[in-house]
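Me: I've got a chain here that I'd like to talk through before I go back to the bench. Could you take my questions one at a time?

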Amino acid sequence: MKFRFEKMSEPSRRAFAKWLAVGVSICSISVRKAMASGMSQTPEQTEGPFYPTAFPEDIDANLLQINGRASQSEGLPIQIGGRVIDTDGNIVSGATVEIWQCDSFGTYHHSSDTGRMDPNFQGFGRTVTGEDGSYMFQTIKPAAYPGRTPHVHFKVKMPGYRILTTQMYFPDEYAHNMRDGIYRSLSSHQRNQVTADLVSNGEGNKAATHCRFNITLQVLV
């Protein structure tokens, strides 16, 4: 089933920003508690075959709308946000965060994927973390396709840190997750690290799902 939604309202954006700020505060407490024993980097996962070989002209943080087009992408709109820190518990500001994923038809916007494609979905996005290490994207919940559970690819880059390539999963897709060999290859702790926290804004079918996904980078020695 596919959905079409209006662009997220400003109150919804503010509500998500407030909710994300609470998550950042909780994460800060967790960081302080974990400092004594050290923190582990977010697990690395395969980049897959669909990282762009040529970047689209529009690569901003809003994958729902391609500049110059009147129509939005099909699918369930979601917001993905979180904070980037390092294994010493420090905030990482100015980091480049990239995401790429399939559309609501299960197709990547890549020359190697020839399935039915949503022409109004951006497919790839890029942003930079703020002073508090936070980032945010507007996108859709990706479809499952043969062999893979719904997931979003991430690449995070920052001088002085190891480049991280990973994937984000959805906790409400447990059955799909447990049939996914890449997800199953992780330990229970690692699965928790790459599974987002979900909260609905409670506005019925037009609600966007809010996904909080915090990321930990490894400092280069």
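What follows is a short back-and-forth about this chain, which is a predicted model.

Me: Let's start with the overall make-up. In what order do the elements of the chain run from the N terminus on?

Reply: The chain has four helices and nine strands to place. Reading from the N terminus, the order is α-β-β-β-β-β-β-α-α-α-β-β-β.

Me: What share of the residues of the chain count as buried?

Reply: A residue goes in the buried group if its relative accessible area is under 20%. The chain has 221 residues, and the share of them that passes this test is 50%.

Me: And the surface: what percentage of it belongs to carbon and sulfur atoms?

Reply: The accessible surface of the chain adds up to about 10,700 Å². Of that area, the part belonging to carbon and sulfur atoms is 52%.

Me: Among contacts between residues at least 6 apart in sequence, what percentage join residues at least 24 apart?

Reply: Contact here means heavy atoms within 4.5 Å. Take the contacts in the chain between residues at least 6 apart, and the portion joining residues at least 24 apart is 75%.

Me: Now the open sheet of four strands. Which strands are its edge strands?

Reply: The order in this open sheet is S3-S2-S5-S6, with antiparallel pairing. An edge strand pairs on one side only, and that picks out strand S3 (124–128) and strand S6 (164–169).

Me: By how many degrees are neighbouring strands of this sheet turned against each other on average?

Reply: The sheet in question is the open one with the order S3-S2-S5-S6. Ignoring direction, its neighbouring strands are turned against each other by an average of 20°.

Me: Which residue in S5 is the bridge partner of Trp100?

Reply: Strand S2 covers residues 96–100, and it pairs with S3 over five bridges. On that side, Trp100 stands opposite Phe124. S2 also pairs with S5 in the antiparallel sense, over five bridges. There, Trp100 has as its partner His153.

Me: Which residue in S6 is the bridge partner of His153, then?

Reply: S5 and S6 pair in the antiparallel sense over six bridges. One of the facing pairs is Phe154 opposite Thr166. For His153, the partner in S6 is Gln167.

Me: Which residue in the turn of the S5 and S6 hairpin has a positive phi?

Reply: The hairpin leaves six residues between S5 and S6. In that turn, the residue with a positive phi, of about 90°, is Gly160.

Me: How many of the residues of S6 are buried?

Reply: On one side of S6, Leu164, Thr166 and Met168 are buried. On the other side, Thr165, Gln167 and Tyr169 are buried as well. S5 (residues 151–157) is mostly covered too, with six of its seven residues buried. For S6, the count is six of six.

Me: On to the cysteines. How many disulfides does the count come to?

Reply: Cys102 is buried, at 1% relative accessible area, and Cys211 is buried too, at 0%. A disulfide needs a pair of cysteine sulfur atoms within 2.5 Å. By that rule, the count is zero.

Me: Which side chain does Tyr145 join through a polar contact of 3.2 Å?

Reply: Tyr145 sits in the loop between strand S4 (134–140) and S5. Leaving aside neighbours within four places in sequence, Tyr145 touches Cys102, Gly106, Tyr108 and His151. Its C-alpha atom is 9.0 Å from that of Cys102, a residue 43 places away along the chain. The polar contact of 3.2 Å, though, joins the side chain of Tyr145 to that of Tyr108.

Me: Is Asn62 buried or exposed?

Reply: Asn62 lies in the loop between helix H1 (10–34) and strand S1 (77–86). A polar atom of its side chain lies 3.0 Å from the backbone nitrogen of Leu64. Its relative accessible area is 12%, so Asn62 counts as buried.

Me: Last one. How far apart in space are Asp197 and Pro171, C-alpha to C-alpha?

Reply: Asp197 belongs to strand S7 (residues 197–200). With a relative accessibility of 39%, Asp197 counts as partly exposed. Asp197 and Pro171 are 26 residues apart in sequence, and their C-alpha separation in space is 7.2 Å.

Methods
Residues numbered from 1 in each chain as written. Predicted model: local features only at pLDDT ≥ 70, side-chain atom pairs only at ≥ 80, totals over all residues. Heavy atoms only, no water. Helix = DSSP H or I, 4+ residues; strand = E, 2+ residues; numbered from the N terminus. Buried < 20%, exposed > 50% of the residue type's maximum accessible area, 1.4 Å probe, protein only. Areas by Shrake-Rupley, 256 points an atom, 1.4 Å probe, with all protein chains shown as cover. Polar contact = N/O pair within 3.5 Å; in protein donor to acceptor, adjacent residues only side chain to side chain. Pairing = 2+ DSSP bridges. Axes fitted to C-alpha atoms, helices over the stretch in contact; angles between N-to-C directions.
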